[in-house]
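Hi,

Here is the structure I promised to pass on. Have a look at it first, and my notes follow underneath.

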Amino acid sequence: MIEDSGPGMKVLLMDKDTTSIVSMVYAQSEILQKEVYLFERLDSAGRETMKHLKCIAFVRPTKENVELLAQELRMSKYGLYYIYFSNVISKQDVKVLAEADDQEVVREVQGLNWSTDSLARSTQGLTSVLLSLKKCPMIRYQNSSETARRLAESVRQTINKEAALFEFRKTDVAPILLILDRRDDAVTPILNQWTYQAMVHELIGIANSRINLSNVPGISKELQEVVLSPEHDEFYANNMYSNFGEIGNNIKDLMDEFQTKSKSHEKIESISDMKQFLEQYPQFKKMSGTVSKHVTVVGELSRLTNKHHLLEVSELEQDIVCQGDHSAILQRIKTLIASEKIQHIDMLRLVMLYALRYESHSNNDVSGLVDALRKRGVSDRLRMMVHAVLDYGGKKSRGSDLFGNQDIVSLTKKFFKGVKGVENVYTQHKPLLYSLLDQLIKGKLKEGAYPYLGVSQLKDRPQDIIVFVIGGTTFEEALAIHTLNRSSPGIRIIIGGTTVHNFKSFLDEVTQAVQGQSSSNVGPRYHRR
């Protein structure tokens with residue numbers, strides 16, 4: 001896109017959404033290397049006229065953006081314009097822009113591939129991914145979800161309508177698009193997490209690869225907001241799926257390496273030493289920033305884990321979803337609810353998991369646990385979430401047997417060891433998505449539960465699988481995808497969804513979904529994070 005405009009100084013003109021997209025994909029230094037020296041918003045007033053700059057406009061194809069671009073072209077501020085839309089643009093909108101280009105400053109108009117709003121937004125987001133990957137897939141969807149069926153049909157209609165765009169080189173095995181509904185597995189977003197990326201999102205929050213550390217006690221100004229990007233941070237790329245115990249050891253190794261290099265730089269006794277120091281300084285400075293960032297982040301994760309006794313909470317969470325001794329589980333939940341050291345949000349996690357796990361148990365005591373929450377001062381809003389999650393993802397809403405098929409392997413407790421205080425954290429749970437994809441890879445995914453859209457069916461072992469989860473996905477599921485990709489040679493799986501959840505965002509999802517919204521009403525379930 002940038003290269004197509006040729007050499008010369010450039011300005012990148014974006015809207016609110018494409019600004020977030022570009023900031024996640026490229027570091028500012030990378031864009032500067034492509035001679036882009038100015039970044040502007042299309043909707044910002046008072047921009048200066050700079051006719052010596054070429055303008056690369058990258059915006060969503062909305063009515064508002066087309067009108068703003070038309071105004072821009074009538075009173076052009078830059079020498080030449082190269083306009084790129086993040087999805088297919090209608091011929092009528094192209095005509096509007098052509099009529100506005102009286103000064104003939106537009107050199108190119110192209111429709112690219114990103115997402116828009118509601119059902120249409122997710123449809124376009126999915127077709128964007130397919131176009132970017134050059135895939136025209138067979139589509140399978142969760143049969144128990146009307147929303148999944150509607151999205152599958154919408155994607156298929158778009159592919160048929162824009163058939164010329166999807167005429168890619170045929171592969172031996174057609175790719176698969178699998179569309180799922182979050183309601184089928186309401187357990188995974190509730191659980192505390194113990195891998196680096198997932199822990200950061202759960203305890204601090206990740207938004208567009210950025211995390212806000214301004215509430216960390218004693219934080220320095222330069223570390224109040226940091227970027228965690230596997231593309232630009234080697235340590236994060238290597239450790240994003242590592243568990244917390246391993247992270248502690250790896251941080252220690254990174255510190256040791258940094259201290260060794262720091263000591264070597266103290267001995268500058270000759271011109272040669274000075275030259276070597278100057279050559280290595282940028283790398284040394286980058287390493288210093290990496291060390292400071294990750295020591296701060298891991299330190300905050302450790303502080304929150306200890307402060308809220310999350311190891312104890314998480315162990316019980318895992319036992320609720322993976323074990324079967326109802327009476328023992330119930331007593332342990334009551335004990336933790338009575339404890340002053342457990343925060344309200346974690347009490348709620350335990351009761352929500354219990355409600356889902358033992359929904360049909362003859363001695364179910366959801367009402368007793370909700371009353372115990374009331375006595376501990378848990379707010380009405382949070383207590384209401386217990387019954388809301390049953391409406392959202394209980395037995396009547398699910399198409400799968402979320403708890404019924406547990407074998408000895410899934411009940412085996414797994415431990416990881418690492419830094420002090422992280423010896424006995426259980427990681428027994430595997431998301432439903434893992435077993436679904438395992439069945440799909442082996443050709444055992446039931447067609448009745450996950451039918452194909454249309455008459456074509458895949459007869460061979462799949463090679464490319466694209467998963468989309470309506471209602472949002474999680475970083476635990478991203479870890480499952482990572483594990484399957486590593487253990488299944490020749491298989492490439494990617495995952496996306498309407499958002500990436502932590503527990504707090506999942507509570508918002510449940511609230512929106514059950515407050516008068518049927519499963520066929522897609523709109524309110526689509527939001528970005």
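Let's start with the whole chain: of the contacts between residues at least 6 apart in sequence, 79% join residues at least 24 apart. Contact here means heavy atoms within 4.5 Å. Before you go further, note that this is a predicted model, where local features need pLDDT of at least 70 and side-chain atom pairs count only at pLDDT 80 or more, while totals for chains, interfaces and linings use all residues. Residues are numbered from 1 along each chain as its sequence is written, and side-chain values use heavy atoms, with hydrogens and water left out.

The chain has 529 residues, and 48% of them count as buried (under 20% relative accessible area, with exposed being over 50% and partly exposed in between, using a 1.4 Å probe and protein chains only). About 25,900 Å² is exposed, with carbon and sulfur atoms supplying 50% of that. In secondary structure, the chain comes to 18 helices and 13 strands (DSSP runs numbered from the N terminus: H or I of at least four residues for helices, E of at least two for strands).

Two helix pairs caught my eye. Helix α14 (residues 366-375) packs against helix α15 (residues 380-393) at an angle of about 165 degrees, with the axes 9 Å apart. The axes are lines fitted to C-alpha atoms over the stretch in contact, and angles between N-to-C directions run from 0 to 180 degrees. α14 and α15 are therefore roughly antiparallel (over 145 degrees; under 35 is roughly parallel, 65 to 115 roughly perpendicular, and the rest oblique). On the α14 side, V366, V370, L373 and R374 meet R383, V386 and H387 of α15. Those residues divide into 4 nonpolar, 1 polar and 2 charged (Ala, Val, Leu, Ile, Met, Phe, Trp, Tyr, Cys and Pro are nonpolar, Asp, Glu, Lys and Arg charged, and the others, Gly among them, polar).

The other pair is helix α16 (residues 432-441) and helix α17 (residues 475-487), whose axes come within 9 Å and cross at roughly 30 degrees. That makes α16 roughly parallel to α17. Here L433, Y434 and L437 of α16 meet E477, A480, I481, T483 and L484 of α17, a contact with 6 nonpolar, 1 polar and 1 charged residues.

One last spot: R349 sits in helix α13 (residues 344-357). R349 counts as buried because its relative accessibility is 4%. Leaving out residues up to four places away in sequence, R349 touches I190, L191, N192, E202, E317 and F503. R349 and E317 are 32 residues apart in sequence, and their C-alpha atoms are 7.9 Å apart.

Cheers

Conventions
Areas by Shrake-Rupley, 256 points an atom, 1.4 Å probe, with all protein chains shown as cover.
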